[in-house]
Amino acid sequence: MRSAWRWFLLAPPLALLLVFFVVPVVYLFWVSLHAGSTSELYGASLTLRNYTALVGDSFYLTIIGRTLAIAAVILGLCLVIGYPVAYFVAMLPPRRRMLATLVLLFPLMVSNVVRAYGWVALLERRGIVNTTLHDLGLLDAPLALLYTPSAVVVALMTILLPYMVISIANTLAGLDRRYLEAAQALGASPVRTFLHVTLPLSAPGIASGTLLVFLLTLSAYVTITLVGGPRSKLLVSMIYDSVTAFQWPRAAALAFVLLALALAFTAGMLALLRPGRVQGSAR
Amino acid sequence: MPTAGSVLRAAATLVAFALIVVPILIVVLAAFSPSDYFQFPPPGLSMRWFIEFFRLDNMRSAFALSVELALASATIATILGTLAALYLARRGGMLANILQSLFVAPLVFPTIILGVALLLLYKTIGMPVFSGLLLAHCVVGMPYGFRTVLASAQGLDPSLEEAGQSLGAGPLRTLVLVTLPLIWPGVLSGWLFAFIVSFGELNTALFLTGPGVTTLPIEIFSYLQFQGSQLVIAAASSIQIALIVILVAVVERIVGIARITRAR
Amino acid sequence: MNAHTDDVRLVGVRKRFGSVVAVDDVSLGIARGTIFSLLGPSGCGKTTTLRLIAGFEQPDAGDIFIRGVRVTPMPPYRRDFSMVFQSYALFPHLTVAENVAFGLRMRRVARGERARSVGEALALVKLEALADRHPRQLSGGQQQRVALARAIVVKPAVLLLDEPLGALDKQLREEMQVELRSLQQRLGITAVFVTHDQEEALTLSDCVAVMRNGVIEQIGAPRDIYDRPRNAFVASFLGASNFIDGIVVGRDAASIIVETPAARVRVPGDRSAGERVQIAVRPERLRMEGSDAQGLPARIRDIVYRGPVTHFHLDSAAGPLLSYRQNARASDFRIGDEVRCEWDSDSAVVLDGPGE
């Protein structure tokens, strides 16, 4: 009797997720195994050609390579800039830390299209950077800042940086100070304490921040299109193009390639950093 | 006394915060520009672009749709997320862990793929546009309510519900009279996150909007793609930002800042 | 155990969690209007037994009766009981008065009568002035009294208390023990409480069940259990005890003669020759006499002053011994003195030898 009542709690949300999350994704995978069709959503015959065509085609491989390269650079920048910022925020007294967290959270609530637009307004030919430099007399002809890979990197990096900072800062703030004190009592200098104690113990924060940034980079269609321009295609742009061209099996296969990249990265990250071993308390 | 390390960290923080916040400030500033294009420093302030925003039919209807969509999807998503959280609050074991991962999954799953998958499904079964979009946003928004309510419910003293039962309250009355009054801040902050996410959501709306049924972010995106950088977009963006600020301020008054920042 | 007048009855109740048997074939009866306590170390099953009576756990086997009604399949909110929780579990979002009124609301008592009953209950625990406060504004002792008022206002068939005084400091705890007992007697409610504090159990209860590893080792009135422990565990769990090992070498009508490493002693009992036994004597019953008296020879190793009594730690051939001596009487024992230990014949209890 008691379990029947509890079933009412579980059934509705589970139903929503199963029908509108699990089923569509499985269906998409199913479609990726079919040949294309001009009249229907997808053809009748089962085939692996959608995937093999991608692996063999240098065009797609270049795009995937470019996607991963840009993602790697963005990740690197977010880590290099994000860690010191996270450290700074984590060391703040509680009230200021809450304020800093709020300042970091606020941009995440603003739609990415607005944030990308901000970079467009900054970097375009008649944008702020160019007109300011021109007005200051430092420039004659406007620089082509927009529609370059660097623009995409800078824009995406600043959009995703808060995720990295918040992830790492939360972990650092939760670190038991006694670990650091124990290290110093054993003779470790501040630098060595950081390298051998703080850094490894912040692995969970680094892992979750890195995963978030990587996943979001792969999916950031709007930013990539607005800041990178219509000719700079990354993997996610190909997915969008295939959908608008009604090439569903191709779009599906590309989508699962993206998913595979995400999963591979996740697995690699978890294996590398092994955040699970950082459990327990200083007591 | 400041070390080289701490100076560097403070400098990095300043630079980082500037990089993160400046683009947004620029957009807001541009919205008040009196001229046809953005000048920096601005010669004055004007509301003309906001007036233009409300004059344009497609902008107005996109804004209205976004608000409706966010209200509806946040409410449904939070109710469902609350139910799931209450179910899992005191459960352990492998099945409970799997379920918990499932309910959090939409947070980490690339929403662009979800958008593609849902569009395919909708085309196959013939789903009306608004309903399809609404359901997509419910899926995307449910993890927020789920997480915040789960944290609230797990923070409750388990004896409280048992005390209710020992005094004669059945499961439903215990839920309504004991549990809900104590977890409502979690419910409210979950609702807030779901609203904000829906209001600014792009990746599923990209695929699931259609002629006549567009959200504000997608409308802004189309304008930028096809009509260049018009300042009415800046006004549209500022309105989006303003709505969020107001909402967060109102909920913060009710629930308190600590809860919002800790809920993440 | 009397099925007709017992308010609570457990028959063959068994409960396991995974591979651990928390309650192992427990049967007991609690007479109406008495205070019954479940006493034992952590993990002995006392809390599980209480929760089984409440219905927060379901037994794997056996039955539970409250006032003759078989409540085993019933959920907690249908059983006629109320409970004081270890953490008090006061509803934070309700005032003191609303907390106390909660059970009455559930029973659909009309508002006027509700207010009257709440007022009476608060007066009983002397907290009328705090009726409109919220729990977080109260001290631990006040919260505990609100929890009590909330539980008794519904006039339950049985009142369950889960280590109710555990969070209080010593002085407050002793005050509350007295108040609890007088309240229970005034209202005539049947009460069952769980505690690991043997002093508390002895002070408060009419009947005590000592539990270990899911099994009731002994049930009885506090004095009976204290003076006549059935085994070494019960003897040492309730207060301290001396244990003297020996072998039975002879017997007569009412007593046995036991050969111990220190001396040959005669104690009341009924054992066969050759049996290994332990003689248990409470330290307050072990008298020290001069070395020219009869009794077990021992030497004083340490003297510890403890306020009302002094503890004497002795060494003997039968092992270490403990003797309490009231400080009202003057004494001139010193460390190193040789003494003889004696006890009244009805002060010794014969238990099975270790390993029997």
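Q: In which sense, left-handed or right-handed, does helix 7 of chain A pass helix 10 of chain A?
A: Picture one helix in front of the other: a near helix turned anticlockwise from the far one by less than a right angle makes a left-handed crossing, and a clockwise turn makes a right-handed one. Here helix 7 of chain A passes helix 10 of chain A in a right-handed crossing. Keep in mind that this is a predicted model, where local features need pLDDT of at least 70, side-chain atom pairs count only at pLDDT 80 or more, and totals for chains, interfaces and linings use all residues. As for labels, residues are numbered from 1 along each chain as its sequence is written, while chains are lettered from A and ligands numbered from 1 in the order in which they are written.

Q: At what angle do helix 7 of chain A and helix 10 of chain A pack?
A: First, the terms: helices (H or I, at least four residues) and strands (E, at least two) are DSSP runs, numbered from the N terminus. Axes are lines fitted to C-alpha atoms, for helices over the stretch in contact, and angles run from 0 to 180 degrees between N-to-C directions. Helix 7 (residues 149-173) and helix 10 (residues 203-219) of chain A pack at about 160 degrees, and their axes are 8 Å apart. Angles under 35 degrees count as roughly parallel, over 145 as roughly antiparallel, 65 to 115 as roughly perpendicular and the rest as oblique. Helix 7 of chain A and helix 10 of chain A are therefore roughly antiparallel.

Q: Which residues make the contact between helix 7 of chain A and helix 10 of chain A?
A: Two residues are in contact if their C-beta atoms, placed from the backbone, lie within 7 Å. Helix 7 of chain A brings, among others, A:L156, A:L160, A:Y163 and A:M164, and helix 10 of chain A brings residues including A:G205, A:G209, A:L212 and A:L216. For classes, Ala, Val, Leu, Ile, Met, Phe, Trp, Tyr, Cys and Pro count as nonpolar, Asp, Glu, Lys and Arg as charged, and the others, Gly among them, as polar. This helix 7 to helix 10 contact in chain A has eleven nonpolar, seven polar and no charged residues.

Q: How does helix 4 of chain A cross helix 7 of chain A?
A: Read it the same way. Helix 4 (residues 94-109) of chain A and helix 7 of chain A cross at roughly 150 degrees, their axes coming within 10 Å. That makes helix 4 of chain A and helix 7 of chain A roughly antiparallel too, but helix 4 of chain A passes helix 7 of chain A in a left-handed crossing. Among the contacting residues are A:R97 and A:L104 of helix 4 and A:V165 and A:I166 of helix 7. By class, you get seven nonpolar, one polar and one charged.

Q: How many helices and strands are there in chain A, and how many in chain B?
A: Chain A has 13 helices and zero strands, and chain B has twelve helices and zero strands. The C-alpha trace of chain A spans about 80 × 70 × 40 Å along its principal axes; for chain B the spans are about 70 × 65 × 30 Å.

Q: How many residues of chain A are in contact with chain B?
A: The count is 64 residues of chain A against 66 of chain B. Helix 1 (residues 2-32) of chain A gives the most to chain A's side, with 15 residues. That side divides into 52 nonpolar, eight polar and four charged.

Q: Which strands of chain C does strand 1 of chain C pair with?
A: Strands of a sheet pair through backbone hydrogen bonds, either parallel or antiparallel. Here, two strands pair if DSSP finds at least two bridges between them. Strand 1 (residues 6-17) of chain C is antiparallel to strand 2 (residues 20-31) over eight bridges, and also antiparallel to strand 4 (residues 61-66) over five. Follow C:R9: opposite stands C:G29 in strand 2, and also C:F65 in strand 4. Strands 1 and 2 of chain C form a hairpin with two residues between them, and C:G18 in the turn has a positive phi of about 65 degrees.

Q: What is the strand order in the six-stranded open sheet of chain C?
A: The order is 6-7-8-3-9-10, with mixed pairing. Strand 6 (81-84) and strand 10 (215-220) of chain C are the edges, each pairing on one side only. Neighbouring strands are turned by 20 degrees against each other on average, direction ignored. Inside the sheet, strand 7 (residues 158-162) and strand 8 (residues 190-195) of chain C run parallel, joined by five bridges; C:L161 stands opposite C:F193 there.
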